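Let's take a walk through this structure, one piece at a time. Keep the 3D view open as you read.

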Amino acid sequence: MGRRSGMITNGIWSDYTTMAVRTGGPGASGLSVMVVPLKGYPGVTMRRIQVSGTKTAGTTYIELDDVKVPVGNLIGREGDGMRTIMTNFNHERLTIAVQCTRQARVALSSAFGYCLKREAFGKTLMDQPVVRHRLAKAGAELETVSAWIEQILYQLCKLEKVEADRLLGGVTALAKAKAAMVLNECAQCAVLLFGGAGLTQSGQGEIVEAIMRDVPVSRIPGGSEDVLLDLSVRQLVKIYQTQEKKLGQAKI
């Protein structure tokens, strides 16, 4: 592997990592996936990167300088790298979507409890209609996307893998993007209701402050929102055209 560099989560603690490497010509058919040794391996240099959120992720900058990797470290067949990567995307995106809904629920429940006890002008915050309205809007978004994700998970468990990969790719991408948007909405709602306490990294608002800081970490991995929104529609167009063609042939 010639000179190259990149960032990877948890790299600083890892003995090995998987990498997509170019073993052939241009395009997807030239990509392969390999297991690459890291710690103490000749030609590998690693340094930790400080990031704004997920401090425990161990985000690492890795440099490879003519690293020799055994042929036996190839995962699958040479040239099948893109296919190998794509088979994992549905599960990765669903995992992130579930993570988003859980973080959103923690943020809202923290704000809910705070509003029940925090008093201003002789009333609790929960006695203010505008506060209840804000909680209701965020809560409705959260419950809706949670139910949708459960539906997708049910389909993933019941469908044959080939069918699940074909039918759920676009929907899963859309659900991940929407879940991250809902997390952003719920985190913002919680911080606003906590007020100044929601900006502190200690005390009553430390949980919602941490969640708000971590929001971009959910919106970017697995495909950023704009990429996934576009992907979801393109995938659904393919399914629509395939089904339309089948219906046309059935009529003939």
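Helices here are DSSP runs of H or I with at least four residues, strands are runs of E with at least two, and both are numbered from the N terminus. By that naming, Leu135 lies in helix α2. One caution before going on: this is a predicted model.

Let's stay with Leu135 for a moment. Is Leu135 buried or exposed? Buried means under 20% relative accessible area, so Leu135, at 10% relative accessibility, counts as buried. Setting aside neighbours within four places in sequence, Leu135 is in contact with Leu108, Phe112, Met126, Cys189 and Leu193. Take Phe112 from that list: Leu135 and Phe112 are 23 residues apart along the chain, and their C-alpha atoms are separated by 7.6 Å.

Now for the helices themselves. Two packed helices are described by the angle between their axes and the distance between the axes. For helix α1 (residues 81-117) and helix α2 (residues 129-158), the axes come within 10 Å and cross at roughly 155 degrees. That angle makes α1 roughly antiparallel to α2, since anything over 145 degrees falls in that class. The crossing of α1 and α2 is left-handed.

Which residues make the α1 and α2 contact? On the α1 side, they are His91, Leu94, Ala97, Val98, Thr101, Ala104, Arg105, Leu108, Phe112 and Cys115. On the α2 side, you'll find Val131, Leu135, Ala138, Gly139, Leu142, Glu143, Val145, Ser146, Ile149, Ile152, Leu153 and Leu156. Sorted by class, the contact of α1 with α2 has 16 nonpolar, four polar and two charged residues.

The other face-off to look at is α2 with helix α3 (residues 161-194). Those two pack at an angle of about 160 degrees, with their axes 9 Å apart. α2 and α3 are therefore roughly antiparallel to each other, and α2 passes α3 in a left-handed crossing. By class, the contact of α2 with α3 has 20 nonpolar, two polar and three charged residues.

On to the strands. Strands of a sheet pair through backbone hydrogen bonds, either parallel or antiparallel. In this model there is an open sheet of three strands, in the order β2-β3-β6, with antiparallel pairing. The edge strands are β2 and β6, and each pairs on one side only.

How many bridges link β2 and β3? Strand β2 (residues 16-22) and β3 pair in the antiparallel sense over seven bridges, and Thr18 stands opposite Val35 in β3. On the other side, β3 and strand β6 (residues 74-75) also pair in the antiparallel sense, over two bridges. There, Val33 stands opposite Ile75 in β6 and Met34 stands opposite Leu74 in β6.

Why is strand β3 (residues 31-37) largely enclosed by the rest of the structure? Because six of the seven residues of β3 are buried. As for how the sheet meets the helices, α1 lies across β2, β3 and β6, running at about 75 degrees to β3.

Just past that strand, have a look at Leu38, which sits in the loop between β3 and β4 (44-48). Leu38 is buried, with a relative accessible area of 1%. Leaving aside neighbours within four places in sequence, Leu38 is in contact with Gly11, Ser14, Asp15, Tyr16, Thr17, Val44, Met46 and Ile62. From Leu38 to Val67 is 29 residues in sequence and 9.9 Å in space, C-alpha to C-alpha.

Finally, two backbone oddities. Most residues other than glycine have a negative phi. Asn10, however, has a phi near 65 degrees, a positive value in a residue other than glycine. Asn10 is found in the loop between β1 (4-8) and β2, and it is partly exposed, with a relative accessible area of 35%. Asp66 is another residue other than glycine with a positive value, its phi being near 50 degrees. Asp66 belongs to the loop between β5 (60-64) and β6. Is Asp66 buried or exposed? With a relative accessible area of 54%, Asp66 is exposed, because the cut-off for that word is over 50%.

Terms used
Residues are numbered from 1 along each chain as its sequence is written. This is a predicted model: local features need pLDDT of at least 70, side-chain atom pairs count only at pLDDT 80 or more; totals for chains, interfaces and linings use all residues. Side-chain values use heavy atoms; hydrogens and water are left out. Axes are lines fitted to C-alpha atoms, for helices over the stretch in contact, and angles run from 0 to 180 degrees between N-to-C directions. Angles under 35 degrees count as roughly parallel, over 145 as roughly antiparallel, 65 to 115 as roughly perpendicular and the rest as oblique. A crossing is left-handed if the near helix is turned anticlockwise from the far one by less than a right angle, and right-handed if clockwise. Contact means heavy atoms within 4.5 Å. Ala, Val, Leu, Ile, Met, Phe, Trp, Tyr, Cys and Pro count as nonpolar, Asp, Glu, Lys and Arg as charged, and the others, Gly among them, as polar. Buried means under 20% relative accessible area, exposed over 50%, partly exposed in between (1.4 Å probe, protein chains only). Two strands pair if DSSP finds at least two bridges between them.
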